[in-house]
Structure formats: C-alpha cells, structure tokens
Amino acid sequence: MAIYKEQIDLVSHGTTPTFVNITPQVKQAIANSGIKSGIVTIISPHTTCSVYFEEYVHDTIEDGTEFLQLDLNNALSKIMPDQTEIPPEGQYMYPGPRHYEDVASWPNAEEYLPGGDKRALLNCDAHMKATLLGNSATLEVEDGKLAVGSTGYVYFVDFDRTDRQRPRKVRVVVIGE
C-alpha cells in the first residue's frame, strides 16, 4: 500500500464566500502519485473552509460563481445568516470577549483586528457553515484516475467574508496500490 501527499495553495478573496474548482489539481495529484487503485482524500485544515463533491454547473453569475454554489450559499444563509453584530447582541455568541483578548495578544494582531476593530472577527456563520459541510471529501481512484462521473467535481470553499485576502491550502492524500 502506498501513500502520496500533495498540497494545493489557494487565495481566498474575502467579502463573499470564495468557491474554487480544484478538480484539475486533484486529478494531477492522482496522476503524480502513480497509484492506480485506491482512494483520494481532499482535506482543508482551515476552520471556515470546506471541501465538497458536487456537479459542475455551466451557468454563473457575473463574478463567476456557479448557480449551485450560489444556491448552496443562499440555503446555508437561511440556516446561518451572515454575522453582522458584535456579541452579545443576540445573533451569535462567538466571538466572545476572551477570544478578542487572545487575538489582540497575537504578534500579528493587526492583521486580524485592523485598528482594533472587533468587527473583523465576525465570522461565526463561516465556522458553522464549514462545520455543517465538512472539511474533506473522499473519492475512489480507479485505473489511476478520479473515479467520478463526467459532471462530478471537487470544490473548495472559504465561507469567511472578512474583508481581506488569505492564503489557503488544501491537502490531497492518495492511498492505494
């Protein structure tokens, strides 16, 4: 049994959820692995991000967001609306005062709390959406290829809407023979 690991580096844009089709990179990692039969697991180590398997959609809105991505975000926003109020105003409990204190003590606190603005940490909804969707997808590898239908694609999403770009990574682990 062989194990192969590779990392995909991405940048999320902030302001709105960032959706990225990572299927080509996953297929390339499988090819690079040399593994012919097994599984591939695609993992996000970030707490506001998810990896999921869905149909590719040809229709998009102006910014390139596919219709199914927009529908997913709209459905999740009905369950977990975008956080707009600093707790404890009633919308969400997170982030609490101890969390703010801890972040303010970080050497790079200005990156997370520009000018001490607590609103920069209003991302409880992003954490909950990622928790609900999950941080990984595991799919079959057959004949050295991703064993999915022609419209099956792997997506990464960062639900965090904080107003800044962030480096993100996705880990691809191929296991098999």
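1. Let's start with the second largest pocket of this predicted model. By class, its lining is made up of five charged, three polar and three nonpolar residues. The pocket holds about 210 Å³ of space. The charged part of the lining is easy to pick out, because Asp, Glu, Lys and Arg count as charged: Glu111, Arg119, Arg161, Asp163 and Arg164 are among the lining residues. Gln83, Thr84, Pro114, Ala120, Leu122 and Thr162 also line this pocket.

2. Next, do have a look at the largest pocket, with a volume of about 320 Å³. Its lining has 19 residues, and those closest to the pocket centre are Tyr112, Asp160, Arg164, Arg166 and Arg168. Helix H3 (97-104), helix H4 (109-112) and strand E8 each give two or more residues to this lining. E8 provides the largest share, with three residues. Sorted by class, the lining of the largest pocket comprises seven nonpolar, seven polar and five charged residues.

3. Arg164 is worth a click when you compare the two sites. It is one of the residues closest to the centre of the largest pocket, and Arg164 also appears in the lining of the second largest pocket.

4. Which strands pair with E8? Strand E1 (residues 2-12) runs antiparallel to E8 (residues 166-176), and 11 bridges join them. Strand E3 (residues 37-43) also pairs with E8 in the antiparallel sense, over six bridges.

5. For checking the register on screen, two positions are handy. On the E1 side, Ile3 stands opposite Ile175 in E8. For E3, look at Ile42, which stands opposite Val172 in E8.

Terms used. Residues are numbered from 1 along each chain as its sequence is written. This is a predicted model: local features need pLDDT of at least 70, side-chain atom pairs count only at pLDDT 80 or more; totals for chains, interfaces and linings use all residues. Side-chain values use heavy atoms; hydrogens and water are left out. Two strands pair if DSSP finds at least two bridges between them. Helices (H or I, at least four residues) and strands (E, at least two) are DSSP runs, numbered from the N terminus. On a 1 Å grid over the protein atoms alone, a cavity is a set of points where a 1.4 Å probe fits but cannot get out, and a pocket is an open set with protein on both sides within 12 Å along at least five of seven lines; lining residues have an atom within 4 Å of a point. Grid points are joined across faces, edges and corners, and a volume is the space filled by probe spheres set on the points.
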